[in-house]
Amino acid sequence: MNSTDKKQSERIVIVPSLLSADFAYLERDIKKVEEAGCRDLHLDVMDGHFVPNITIGPVVAKAIRRVSRSFLTAHLMIEDPERYIGAFKESGMDQIIIHQEIEADFVEVLAAIKKAGMAAGVSIRPQTPVKTIVPGVELLDSILIMSVEPGFGGQEYIPGSEAKVADARQLLERHGRVIPIGVDGGINIKTAPIVARAGATRLIAGSAVFKGDVPRNIASLRESALHAVSGR
Ligand code: DX5
Ligand code: ZN
């Protein structure tokens, strides 16, 4: 393992996506992943417009904050994220990730998120090239590569998404930025190694975490990703 790989393996984190938790037992499921060592949780916010599905909003995010001290990221798959920055700040989110594809200028929205005192990230859909995020690169605290079409949990990883992780890594290197690259969608013990090898350090996983034995699932995901990075 060379020093770059070593550093990367130290930074690889499994981030449970609560979309696949049991919403009738959210606190129980949050405790399960936290007891398994996760301190970084992902909340999928969908409005039925930007994506076809509707999920949770600031009210549920605030309830989650009450039962968790983890770093909470709201992944906003909504048409007008700027309108809700205050509400998500108020609900106790640590980071907001918006989409590059929104109608508004995403760079202005990133600036507004930072001004509100939260970390700011940008996500891109499978068809959106990585270079579209360049205008916002100085403001970013993280990048999120979608490896499925956003909207639903439980979809299959789109093969080749790892190339975008590698593109993002190069882009960050060119700009001298050191921030996490996350991948969201279809992450499991087969795909985690692929994206980790390409340079992802935040592996967002819903079904692969919550289906079956949660602690065992998290341990297997972590092992598969670390093995891929250390085994080069
Ligand atoms: C999809 C969401 C994901 C989703 C991932 O639009 O952004 O966070 O929960 O679910 P899995 O891991 O089941 O693909
Ligand atoms: Zn998500």
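**Entry 1: the cavity**

I looked up the lining of the largest cavity and found L18, L19, F23, L43, D44 and I56 there. The model I am reading is predicted. By class, I counted five nonpolar residues, no polar residues and one charged residue in this lining. The volume of the largest cavity is about 30 Å³. My search of the whole structure returned one cavity of 30 Å³ or more.

**Entry 2: the zinc ion**

I next turned to the zinc ion (ligand 2). Which residues are its protein donors? I recorded H42 through NE2, D44 through OD, H75 through ND1 and D184 through OD. These donors lie 2.0 to 2.3 Å from the zinc ion. Along the chain they follow the spacing H-x1-D-x30-H-x108-D. D44 belongs to strand β2 (residues 40-46) and H75 to strand β3 (residues 71-77), so this pair ties together parts that are 31 residues apart in sequence.

I then examined the geometry. The site of the zinc ion (ligand 2) has six donor atoms, with angles of 71 to 168° among them, and is octahedral. For comparison, I noted that the ideal angles for six octahedral donors are 90 or 180 degrees.

Are D44 and H75 buried or exposed? D44 counts as buried because its relative accessibility is 7%, and the cut-off for buried is under 20%. H75 is also buried, with a relative accessible area of 0%. I noted that D44 appears twice in these pages, as a residue lining the largest cavity and as a donor of the zinc ion.

**Entry 3: salt bridges**

How many salt bridges are there? I obtained a count of nine, and I wrote down three of them in detail.

In one, the side chains of D40 and R202 meet at 3.3 Å, N to O. This pair links distant parts of the chain, with D40 in strand β2 and R202 in strand β8 (residues 202-205), 162 residues apart. D40 is buried at 13% relative accessible area, whereas R202 is partly exposed at 22%.

In another, the side chains of R28 and D29 meet at 3.0 Å, N to O. R28 counts as partly exposed, at 41% relative accessibility, while D29 is buried, at 4%.

I also recorded the salt bridge between the side chains of R216 and D213, at 3.7 Å, N to O. R216 is exposed, with a relative accessible area of 58%, and D213 is partly exposed, with 35%. Finally, I found that salt bridges sharing partners join R28, D29 and K32 into one network.

Terms used. Residues numbered from 1 in each chain as written. Chains lettered and ligands numbered in written order. Predicted model: local features only at pLDDT ≥ 70, side-chain atom pairs only at ≥ 80, totals over all residues. Heavy atoms only, no water. Donors = N, O, S within 2.8 Å, 3.2 Å for Na, K, Ca; no water. Tetrahedral: all angles 85-135°; square planar, octahedral: opposite > 155°, others 65-115°. Helix = DSSP H or I, 4+ residues; strand = E, 2+ residues; numbered from the N terminus. Buried < 20%, exposed > 50% of the residue type's maximum accessible area, 1.4 Å probe, protein only. 1 Å grid on protein atoms, 1.4 Å probe; cavity = no way out; pocket = protein on both sides within 12 Å on 5 of 7 lines; lining within 4 Å. Points joined across faces, edges and corners; volume = space filled by probe spheres on them. Nonpolar A, V, L, I, M, F, W, Y, C, P; charged D, E, K, R; others polar. Salt bridge = Lys/Arg side-chain N within 4 Å of Asp/Glu carboxyl O.
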